[in-house]
Amino acid sequence: MKDIENFLKENKITYKKYEPLAKYTTLKIGGKADFVVFPDEESIFKLIEIIKYENIPYYVIGGGSNLLIKDEGFRGVIINTRKMNRIDIEGFTVWSSAGVMLPRFIAFVLKRNLSGMEGLIGIPGTVGGAIIGNAGSFGYEISDWLEEVEIITDNVEIKTLKKQDITFQYRGSDLVKTWIIKSAKFNLREDDGESFNRMKAFLQKKKQTQPLGDYSAGCVFKNPKGQSAGYLIEKAGLKGFRVGDIVISPIHANYFINIGKGKSQDFLRLMDIVKEKVFKLFSIELEPEIKILEA
Ligand SMILES: Cc1cc2nc3c(=O)[nH]c(=O)nc-3n(C[C@H](O)[C@H](O)[C@H](O)COP(=O)(O)OP(=O)(O)OC[C@H]3O[C@@H](n4cnc5c(N)ncnc54)[C@H](O)[C@@H]3O)c2cc1C
């Protein structure tokens, strides 16, 4: 770990040591990491090279909005992509670094009369995190207008994958867990004059039906085929059910809210209770949508 700290200092890469991770997640849960590092587009490659060379455990986070980090934290390096925040445009083509926040991306393209991304409004994540999980709503998915993804592989090579080389499905992709998304290229379409109104209507709907102002990690479980996880949890009588400071939202039962000093073990216990009850009542196995970072 000494070498990595020297490297960070020498290369003037911002980092924090023994840093609580709760502040980097929308759920506000997570113990300390040895290092949280904030590389930019230029320094990410060298950083990965040294991390791999030194065999240091690492994990990438974007907006931390789909993530449960354990109270034990993480022994190793957390790579936060927030400084990888460049956007470029030419005609209908938009290049975005992985750490660009989706609300900024949407505002950027709408302002330039491009449409296609408005359904992703209200998703508090980054472009990189959204591609990994194929984020979406209102019938839109980030993969719809994606053309290419630039990644750093396990062998520390930069590769460009065409959309057709990647399998996207509902809230998932086959991108390898240890790869790092560096940037992505999108091909959008001309605004039909209604994109802004559509975006406003989607946001309004979201605000009415989801607890956007609370500490959550978004939907905890994926919707089973033809079903809604929130509806099943509600039908199981679990709205408002609580373990410690983690509560099933009374607004939307697929959101678990941290109402104060929520612990990761309470969150996991609540997930188990919900899975068990839904299975008992409906014989449906709920699958997590959130990602869990093992300590
Ligand atoms: C209030 C609220 C509303 C939400 N609404 C929606 C919704 O409508 N639709 C929806 O799909 N989701 C929704 N979400 C969930 C979440 O915002 C999305 O899944 C989002 O795309 C996650 O992006 P992130 O940058 O926060 O990823 P993180 O939570 O930081 O990470 C998620 C995963 O992606 C990986 N990752 C992140 N960046 C990279 C990278 N550059 N390279 C490689 N791996 C990476 C991480 O390692 C982790 O495994 C919501 C969440 C909240 C809190």
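Me: In which loop is F138 found?

Reply: This is a predicted model, in which local features need pLDDT of at least 70, side-chain atom pairs count only at pLDDT 80 or more, and totals for chains, interfaces and linings use all residues. Residues are numbered from 1 along each chain as its sequence is written. Helices (H or I, at least four residues) and strands (E, at least two) are DSSP runs, numbered from the N terminus. On that numbering, F138 is found in the loop between β9 and β10 (140-141).

Me: Which burial class does F138 take?

Reply: A residue is buried if 20 or more other C-beta atoms, placed from the backbone, lie within 10 Å of its own, exposed if 12 or fewer, and partly exposed in between. The phi of F138 is positive, near 55°, although the residue is not a glycine. F138 has 16 other C-beta atoms within 10 Å, and is therefore partly exposed.

Me: Which residue in the turn of the hairpin of β11 and β12 has a positive phi?

Reply: The hairpin has five residues between β11 and β12. In the loop between β11 (146-152) and β12 (158-162) lies V156, which is partly exposed because 15 other C-beta atoms lie within 10 Å. The residue in the turn with a positive phi, of about 55°, is V156.

Me: How many bridges join β11 to β15?

Reply: Two strands pair if DSSP finds at least two bridges between them. β11 pairs with β12 in the antiparallel sense over five bridges, with I152 opposite I158 in β12. β11 also runs antiparallel to β15, and the bridges that join them number six.

Me: Which residue of β15 is the bridge partner of V149?

Reply: V149 stands opposite L161 in β12. In β15, the bridge partner of V149 is A184.

Me: Which strands stand at the edges of the open sheet that contains β18?

Reply: Three strands form this open sheet in the order β17-β18-β19, with antiparallel pairing. The edge strands each have a single partner strand, so one side of each is left without a neighbour in the sheet; they are β17 (242-243) and β19 (256-258).

Me: Which residue of β19 stands opposite I246?

Reply: β18 (residues 246-248) pairs with β19 in the antiparallel sense over three bridges. Opposite I246, in β19, stands N258.

Me: Over what arc around the axis do the buried residues of α3 spread?

Reply: In α3 (residues 102-111), the residues L102, F105, I106 and V109 are buried. The arc is that of the directions from the helix axis to the C-beta atoms. These residues lie on the same side of α3 because they cover an arc of only 95°.

Me: Which elements are included in the cover over the buried residues of α3?

Reply: Two residues are in contact if their C-beta atoms, placed from the backbone, lie within 7 Å. Just after α3, N113 takes a positive phi of about 60°. The cover over the buried residues of α3 includes β6 (87-90), β7 (93-97), β8 (114-115), α4 and α5 (195-209).

Me: Which element supplies the largest share of the shell around the ligand?

Reply: A residue is near the ligand if its C-beta atom, placed from the backbone, lies within 6 Å of it. Of the 31 residues around the ligand, G62, G125, G128, G129 and G218 come nearest. At least two residues of the shell come from each of β3 (58-61), α4 (127-133), β9 (136-137) and β15 (180-187). The largest share, five residues, comes from α4.

Me: How many charged residues does the shell around the ligand have?

Reply: Ala, Val, Leu, Ile, Met, Phe, Trp, Tyr, Cys and Pro count as nonpolar, Asp, Glu, Lys and Arg as charged, and the others, Gly among them, as polar. By class, the shell has 14 nonpolar and 16 polar residues, while the charged residues number one.

Me: Which helix gives the largest share of the side of domain 1 that touches domain 2?

Reply: The domain bounds, which come from an automatic or database domain assignment, are domain 1 (2-83), domain 2 (87-196) and domain 3 (211-293). The centres of domain 1 and domain 2, taken over C-alpha atoms, are separated by 23 Å. The contact takes 15 residues from domain 1 and 15 residues from domain 2. On the side of domain 1, the largest share, five residues, comes from α2 (residues 44-53).
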